[in-house]
Amino acid sequence: MEEFREWGHRLVDWVADYLQNAGERPVLHSVRPNDIVNALPARGPEQGEPMERIWADFEKIVLPGVTHWNHPNFLAYFANTSAPPAILAEFVAAALNANGILWKTSPAVTELEVVTLRWLLDWLGLPAEWFGMILDTASTSTLHALAAARVHVAPETRDAGAPPNLVVYCSDQAHSSVEKGAMALGFGRRQVRLIASDEAFRMRADALQETIRRDRAAGLLPCCVVATVGTTSTTSVDPVRAIAEVAEREGLWLHVDAAYAGSAAVAPELRWLLDGCERADSLVFNPHKWLMVPVDCSVLYSRHPETLQRAFSLVPPILNTTDGGLNMMDYGVPLGRRFRSLKLWFVLRYYGREGLAQVIREQVAMTAELRDRIAADSRFEICAPCNLSVVCFRLRGTNEANSRLLEAVNRGGRFFLSQTVLGGRVVLRIAVGNMWTKRETLDAVWGEIERLARTAFPE
Ligand SMILES: *Cc1c(COP(=O)(O)O)cnc(C)c1O
């Protein structure tokens, strides 16, 4: 244990320095494909090695291959944060190695999950009686929701298999995880309808209604509609209330994908984001996206735990229990479950609702300021409404010019941005989500973009 103690102190210091000085490193990795594979031995060591040598290789070979997500200049995809209290909780969770298969295999794993997810329902203004469970990712959560929706509409699925004519609906802006979940569950991609969105990239409820009507006329069985609150490309928000009306009228399961934007509802002035979501059958949001909790931590809520149970519960004799505790294995695919609620609990308590709201509020405000600066430059145009922490913009010019501009920014090494495609046009995307990103960071990235646009693409 002496060695553990010594290395523990050393690595805590390393992590503290890493976090304090993250901004001084290049945000992007500096390797080519297979560099790391080729730098490490093809076969594992026969005999154990000293920590000193393992750590030296970590610094020399592994670290250059890390893209620094916990870096203030990470502005790609949905930037996020691993907050210090969560890092400590992960360390403790690894030490305990508690596995929440059943309530009794570690009651604290299950009960801390119940408590934290109830707190979050309250903070987000969602119905207090909803059932919640932590899964790894939104993709997995949505897959679970689709499986529940199927059992809801076709209860025979559990024993007889699914009917072949079930249909899933989402907008043409929905995350690929909806189609992927439908593929994995055997709906077939052809039975996923990508409903047209409007000029602000929101699902058109009238088009949804019309498509369902046509599918019914063709003898198909509409099953589930997935509405998105905060789409991945532009953070647009589907009209959940109008979609809920259609879903209720037609007897469809309504799943809401709020993977990114759901967290923002901890700020009262952003609660409108979840307007109508109280009528959903299930909802996913990722504390690992915008609530300062490290990957992985996705929350799936549902008003119908009994339907999840019908879809997933199967108890082998070895796991029979009579203690009356809540057994999370009855509600989903995973049997073993790590102690993810510990890091969530640490973060919720350390910052409090208001502390988290304040971080999100600041990020939304500084993103709006950046949008205004971009909009004021006639060489650029804003490509989508921006009311959260992502701004989509492009150089007025060809797709190729925009791709080259993005590449030039990222090649510089200081910042990492990503792109999307809207209506066939390549669009640059700046996503603010790391809690150490400041106004100066955004001033600097805009300075860089503006300079590159001036020198590489003179008018
Ligand atoms: C990021 C994202 C997902 C996927 O999240 P994972 O947790 O990585 O599976 C799903 N939906 C939306 C809207 C997202 O932004």
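**Group meeting: the ligand site and the pockets**

Good morning. In this predicted model, a polar side-chain atom of histidine 288 lies 3.5 Å from an oxygen atom of the ligand. The term polar contact here denotes a pair of N or O atoms within 3.5 Å; within protein, one must be able to donate a hydrogen and the other to accept it, and residues adjacent in sequence count only if both atoms are side-chain atoms. Asparagine 286 places a polar side-chain atom 2.8 Å from a ligand oxygen, and for threonine 232 the distance from a side-chain N or O atom to an oxygen of the ligand is 3.1 Å. Of the 390 Å² of accessible area that the ligand has on its own, the protein covers 87%, by the Shrake-Rupley method with a 1.4 Å probe.

A word on conventions. Residues are numbered from 1 along each chain as its sequence is written, and side-chain values use heavy atoms, with hydrogens and water left out. As the model is predicted, local features need pLDDT of at least 70 and side-chain atom pairs count only at pLDDT 80 or more, while totals for chains, interfaces and linings use all residues.

Which residues surround the ligand most closely? There are 14 in the shell, and the closest are Ala138, Ser139, Asp257, Asn286 and Lys289; a residue is near if one of its heavy atoms lies within 4 Å. By class, three are nonpolar, nine polar and two charged, where Ala, Val, Leu, Ile, Met, Phe, Trp, Tyr, Cys and Pro count as nonpolar, Asp, Glu, Lys and Arg as charged, and the others, Gly among them, as polar.

The ligand takes the space of the second largest pocket, meaning that more than half of its atoms lie within 2 Å of the grid points. A pocket is an open set of points on a 1 Å grid over the protein atoms alone, where a 1.4 Å probe fits, with protein on both sides within 12 Å along at least five of seven lines; lining residues have an atom within 4 Å of a point. This pocket has a volume of about 400 Å³, the space filled by probe spheres set on the points, which are joined across faces, edges and corners. Its lining of 25 residues divides into 10 nonpolar, 13 polar and two charged.

Finally, the largest pocket has a volume of about 830 Å³. Leu11, Trp14, Val15, Tyr18 and Ile87 are the closest to its centre among 27 lining residues. In that lining, 20 residues are nonpolar, five polar and two charged.
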